Amino acid sequence: MIDKLSEIETTALESLAPIKDEAALEAWRIANLGRNSALMTVFSDLGKLSKEERPLIGQAANRVKVALEARLTEKMESVKRSALEHSLSTENLDVTLPGRSVRRGRLHPSTQQLRRVLAILGEMGFQVYTSREVETDEFNFQLLNFPPHHPAREMQDSLYVDAAGRGDNPILLRTHTSPGQIHAMREYAAWNPKEPPPIRIALPGMCYRHEQITSRSEVQFNQVEGLAVGKGITFANLKGTLTDFARRMFGQAARVRFRASYFPFTEPSAEMDVECFVCGGKGCSVCKGSGWLEILGSGMVHPVVLENGGYNPRRYTGFAFGMGPERQLMLRYRIDDIRYFLGNDIRFLEQF
Ligand code: DAH
């Protein structure tokens with residue numbers, strides 16, 4: 001048995017010597033030290049030996065096992081070392097290769113346009129006032145002079161969050177930025193209820209409508225609302241401010257026109273068109289032959305709305321307007337499908 005052990009040792013060591021890689025080393029370990037190896041069989045067969053032989057053979061087998069394991073560890077280190085030396089001597093690292101450039105992100109085109117609008121309004125003295133996106137029917141409609149069942153609600157089909165048990169005052173996602181007018185007026189008026197301060201603010205943000213999604217309508221879009229309230233503000237101020245805005249946005253040569261319109265929260269109301277900057281007013285497919293592009297709704301703040309905001313309509317007047325940054329981008333870059341804005345297609349987004 002002792003002879004068999006030393007034979008096991010010699011054969012194992014002989015087959016270890018020529019090994020050069022880790023895979024072969026692992027195969028050697030399984031063959032010589034694994035559960036089914038000749039050496040391990042000696043251990044499992046110890047029980048068959050006589051009482052006298054058992055400790056002798058056990059010790060001898062153990063010595064062989066320890067010796068083989070030690071040689072395996074040594075060999076493992078030398079195999080790793082020579083693999084490293086080999087790769088260092090054959091693979092050159094060219095440190096002069098240019099690095100991979102980092103792709104820089106950018107702001108979403110809607111955000112860029114929103115900021116352009118706010119920057120211009122900021123220069124004109126309008127401070128940003130952010131308002132909530134989840135509203136009650138009362139703020140989104142009623143205080144803006146849309147009573148329940150008013151037909152003007154038809155244009156703003158709503159996404160309701162909670163209606164159960166709330167009667168005429170369900171909770172909804174705001175369909176326009178106009179409810180911010182009431183929040184702002186109430187907040188300003190609370191500072192000095194007898195003599196509320198004048199207001200000049202821009203209200204930006206997401207609005208939501210329950211729309212059939214098409215190339216012209218999305219369920220989600222941005223608006224920027226403007227509100228100016230004070231003593232002696234007239235329709236001439238509205239026209240002057242919005243004309244100036246259009247020139248700053250579309251160039252000093254931009255021409256505008258106002259058309260009478262209707263909104264429940266303004267009286268009188270007007271829509272503003274800019275002369276089509278694609279065809280210069282001659283008529284093209286973008287302006288549908290009219291030479292004009294509608295860019296915003298506006299009007300003098302309705303007395304009921306001023307009252308609801310805490311401003312006495314006999315002493316205060318104001319004007320308001322609302323516009324859509326996505327719509328402006330569509331006109332400016334002739335984008336024919338509003339779905340691109342939220343489609344997450346990098347090929348579209350990268351162009352801005
Ligand atoms: N809230 C209107 C809408 O979403 C836009 C609008 C029109 C806002 C006229 C105004 C305004 O402040 O005066 O259709």
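Two residues are in contact when heavy atoms of the two lie within 4.5 Å. The exercises below apply this and related ideas to a predicted model.

**Exercise 1.** Determine where Gln-328 is found, whether it is buried or exposed, and which residues it touches.

*Solution.*
Step 1. Gln-328 is found in helix α10, which covers residues 325-333.
Step 2. A residue is buried if its relative accessible area is under 20%. The relative accessibility of Gln-328 is 2%, so this residue counts as buried.
Step 3. Residues up to four places away in sequence are set aside; Gln-328 then touches Gln-113, Val-117, Phe-245, Met-249 and Met-323.
Step 4. With one of these, Gln-113, the side chain of Gln-328 makes a polar contact of 2.8 Å.

**Exercise 2.** Describe the position of Ser-37 and the surroundings of its side chain.

*Solution.*
Step 1. Ser-37 belongs to the loop between α2 (22-33) and α3 (38-44).
Step 2. The relative accessible area of Ser-37 is 2%, and therefore Ser-37 is buried.
Step 3. A polar atom of the Ser-37 side chain lies 3.4 Å from the backbone oxygen of Asn-32. The limit for a polar contact is 3.5 Å.
Step 4. Apart from neighbours within four places in sequence, Ser-37 is in contact with Ile-30, Ala-31 and Asn-32.

**Exercise 3.** Establish whether Glu-218 is buried or exposed, and which residues it touches beyond its sequence neighbours.

*Solution.*
Step 1. The loop between β5 and β6 contains Glu-218.
Step 2. Glu-218 has a relative accessible area of 10%, so Glu-218 is buried.
Step 3. When residues up to four places away in sequence are not counted, Glu-218 touches Arg-209, Glu-211, Ile-213, Ile-338, Arg-339 and Leu-342.
Step 4. A distance between C-alpha atoms may be added: those of Glu-218 and Asp-337 are separated by 9.8 Å, while the two residues are 119 residues apart along the chain.

**Exercise 4.** State which residues come nearest to the ligand, and give the distances for its polar atoms.

*Solution.*
Step 1. There are 16 residues around the ligand, and the nearest of them are His-176, Ser-178, Arg-209, Gln-223 and Glu-225.
Step 2. An N or O atom in the side chain of His-176 is 2.9 Å from a nitrogen atom of the ligand.
Step 3. For Arg-209, an N or O atom in the side chain is 2.9 Å from an oxygen atom of the ligand.
Step 4. For Glu-225, a polar side-chain atom lies 2.6 Å from an oxygen atom of the ligand.

**Exercise 5.** Characterise the largest cavity and the second largest pocket by volume and lining.

*Solution.*
Step 1. Rolling a probe the size of a water molecule over the atoms shows where empty space is left.
Step 2. The structure has 1 cavity of 30 Å³ or more, and the volume of the largest cavity is about 30 Å³.
Step 3. Gln-220, Phe-221, Glu-326, Ile-338, Phe-341 and Leu-342 line the largest cavity. Sorted by class, this lining has 4 nonpolar, 1 polar and 1 charged residues.
Step 4. The second largest pocket holds about 190 Å³ of space. Among the residues that line this pocket are Met-124, Phe-126, Arg-200, Asn-237 and Phe-319. Two or more lining residues come from each of β5 (199-208), β6 (220-230) and α8 (235-250).
Step 5. By class, the lining of the second largest pocket divides into 8 nonpolar, 2 polar and 1 charged residues.

Notes: Residues are numbered from 1 along each chain as its sequence is written. This is a predicted model: local features need pLDDT of at least 70, side-chain atom pairs count only at pLDDT 80 or more; totals for chains, interfaces and linings use all residues. Side-chain values use heavy atoms; hydrogens and water are left out. Helices (H or I, at least four residues) and strands (E, at least two) are DSSP runs, numbered from the N terminus. Buried means under 20% relative accessible area, exposed over 50%, partly exposed in between (1.4 Å probe, protein chains only). A polar contact is a pair of N or O atoms within 3.5 Å; within protein, one must be able to donate a hydrogen and the other to accept it, and residues adjacent in sequence count only if both atoms are side-chain atoms. On a 1 Å grid over the protein atoms alone, a cavity is a set of points where a 1.4 Å probe fits but cannot get out, and a pocket is an open set with protein on both sides within 12 Å along at least five of seven lines; lining residues have an atom within 4 Å of a point. Grid points are joined across faces, edges and corners, and a volume is the space filled by probe spheres set on the points. Ala, Val, Leu, Ile, Met, Phe, Trp, Tyr, Cys and Pro count as nonpolar, Asp, Glu, Lys and Arg as charged, and the others, Gly among them, as polar. A residue is near a molecule or strand if one of its heavy atoms lies within 4 Å of it.
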